[in-house]
Amino acid sequence: MKQTFISRRGTDELLLFFAGWGMDSHPFAELDYIGCDCCICYDYTDLDFDTAPLLSYKRIELYAWSFGVWAASVVLSATGLPVSYATAINGTPCGIDSQQGIDPEIFRATLEHLDPTSLNKFYRRMCNNRETLIRFLNRSPAREINDLKAELEAIGSDITSRPIPQFRWHRAIVGSKDRIFPPENQLKAWEGICPVTTIDAAHYLPFRPIVLERRFDKTIIRNRFENAASTYEQEGLIQGRIARRLNELLPDVSTEKCHEILEIGCGTGKLTRLLVERFPQARFTINDLSPAMKHHIERLPFEQFDFVAGDAEQENFSGPYDLIVSSSTIQWFTDLEKFLKRISSRLSNSGTIAFSSFIAGNLPEIRPLTTTEMPYWEYGALKQLFEQYFQLDTFVQEEYTLRFDTPVELLRHLRDTGVTGTSGNRHQGLNFIKRYRETFGEVQEITLTYRPVYVIAHKKKNA
């Protein structure tokens, strides 16, 4: 078995991912910027599993996909590693079975006829549609056909010679359009073992959103920002500066041509105020995760506005909109790609989007003091994502630094703005201050650096 770390940031938590047959680490590059260390396991020609690189982690979150579910069940059952949560995706512990896995005859036929042509057919069935196939082929594994055949032979032999492995899975995710592991067989395999979630997906699917669903509890995020709302206006100096800068970067658009405006994640209205002043005659649709933000917004001098409380990733905004804006919000999204695809269809043909977000490298001063990271997108990866759905006019990173006299002031700023999504209790706050002083000593100046990126774009001509 191969074990490749695609991310090593020195976190206490590890994301351990068991891939399917024929893979390497390339198809899972999206897990590089997930907020913790990440190790990809693949190539089950043998099941020699080295626990040594994993022993320093306090928590391991396990995800296994396809035949990786079987492989993880075999090798992890007796390791004693601190697996805090285990998720199986489009696979079963038995792997090959006419009722609870891949049918043995289909497995045998795949092995006997494996060649470059049949492999391409397998990839098409695995992805099920052109868009998913293109995503996979852009990250396809770099392995030879003979290598893949040897691995498939070994998997068949091992499954035949071993009893069904016993391992505790906490949940299973079943793609209703899976053409490799039949969904009905997966459901039978997991019956009575763990909770099952069925999703509208093929065998190969985006894995980052599945991971972030557990890392981002929207209820907790909403509560943190609601608790910080009363101090956000005073403490959110950087967020106000970012809102002003985003407004400055907006191209000159006459009020006559900007009839419908959608704002995602309004918060207490730092950007909203600027937009109402700039486009007083427009009709506004204002969204925030928290219903409590409405009373901050409804006092503004709108001609017309609708407030939509809820998760923007789930809301079906009508459109078309002439301007779609969002300041310091989308870093909290679990499936940004899906959101951008959907929101691009809500933009008018001559419309503009104006977004800001924080990216990797944000708040570097507190990184040594935390055991996990925010899963910020890397600059290049985020730019590439926007380019899939929009024609970019501006994509620029800037940097702002705040200064504090004491670690207590720094901690209060983090709490009163909600920027980390957590506030913590008094004991955690005292530990933070202690770790700060142990790490940096009694420094004369304490800084906190924000790294936002600004995106101005319009609809693609062929969209």
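**Contacts, pocket lining and salt bridges**

Outside its neighbours within four places in sequence, Met 23 contacts Phe 28, Tyr 42, Asp 43, Trp 65, Met 126, Phe 136, Pro 141 and Arg 143. The model is predicted. Met 23 sits in the loop between strand S2 (13–18) and strand S3 (37–42). Its relative accessibility is 1%, so Met 23 counts as buried. Along the chain, Met 23 and Lys 434 are 411 residues apart; their C-alpha atoms are separated by 44 Å.

Two of the residues that Met 23 touches, Asp 43 and Arg 143, recur in a salt-bridge network. That network links Lys 2, Asp 43, Arg 143, Asp 147 and Glu 151. Over the whole structure, 23 salt bridges are found. One of them joins the side chains of Glu 13 and Arg 215, with an N to O distance of 3.3 Å. This pair links distant parts of the chain, 202 residues apart: Glu 13 belongs to strand S2 and Arg 215 to helix H7. Glu 13 has a relative accessible area of 8% and is therefore buried.

A salt bridge within one helix is formed by Arg 108 and Glu 112, whose closest N and O atoms are 3.0 Å apart. Both residues lie in helix H2 (residues 104–112); because they are four residues apart, about one helical turn separates them. Arg 108 is partly exposed at 37% relative accessibility. Glu 112 is also partly exposed, at 47%.

Asp 200 pairs with Lys 177 in a salt bridge, the closest N and O atoms lying 3.2 Å apart. Here too the pair links distant parts of the chain, 23 residues apart: Asp 200 is in the loop between S7 and H7, and Lys 177 is in the loop between S6 and helix H6 (183–190). Asp 200 is exposed, with a relative accessible area of 59%. Lys 177 is partly exposed, at 41%.

The second largest pocket holds about 920 Å³ of space. Its lining has 34 residues; Asp 200, Ala 201, Pro 206, Asp 335 and Lys 338 are the closest to its centre. By class, the lining comprises twelve nonpolar, seven polar and 15 charged residues. At least two lining residues each come from helix H4 (130–137), strand S6 (171–175), strand S7 (196–199), helix H7 (208–215) and helix H12 (336–344). H12 gives the largest share, five residues.

Glu 337 is placed in helix H12. Its relative accessible area is 18%, under the 20% limit, so Glu 337 is buried. Beyond four places in sequence, Glu 337 touches Arg 135, Leu 385, Gln 388 and Tyr 389. With Tyr 389, the side chains make a polar contact at 3.3 Å.

Conventions: Residues are numbered from 1 along each chain as its sequence is written. This is a predicted model: local features need pLDDT of at least 70, side-chain atom pairs count only at pLDDT 80 or more; totals for chains, interfaces and linings use all residues. Side-chain values use heavy atoms; hydrogens and water are left out. On a 1 Å grid over the protein atoms alone, a cavity is a set of points where a 1.4 Å probe fits but cannot get out, and a pocket is an open set with protein on both sides within 12 Å along at least five of seven lines; lining residues have an atom within 4 Å of a point. Grid points are joined across faces, edges and corners, and a volume is the space filled by probe spheres set on the points. Ala, Val, Leu, Ile, Met, Phe, Trp, Tyr, Cys and Pro count as nonpolar, Asp, Glu, Lys and Arg as charged, and the others, Gly among them, as polar. Buried means under 20% relative accessible area, exposed over 50%, partly exposed in between (1.4 Å probe, protein chains only). Contact means heavy atoms within 4.5 Å. A polar contact is a pair of N or O atoms within 3.5 Å; within protein, one must be able to donate a hydrogen and the other to accept it, and residues adjacent in sequence count only if both atoms are side-chain atoms. A salt bridge is a side-chain nitrogen of Lys or Arg within 4 Å of a carboxyl oxygen of Asp or Glu.
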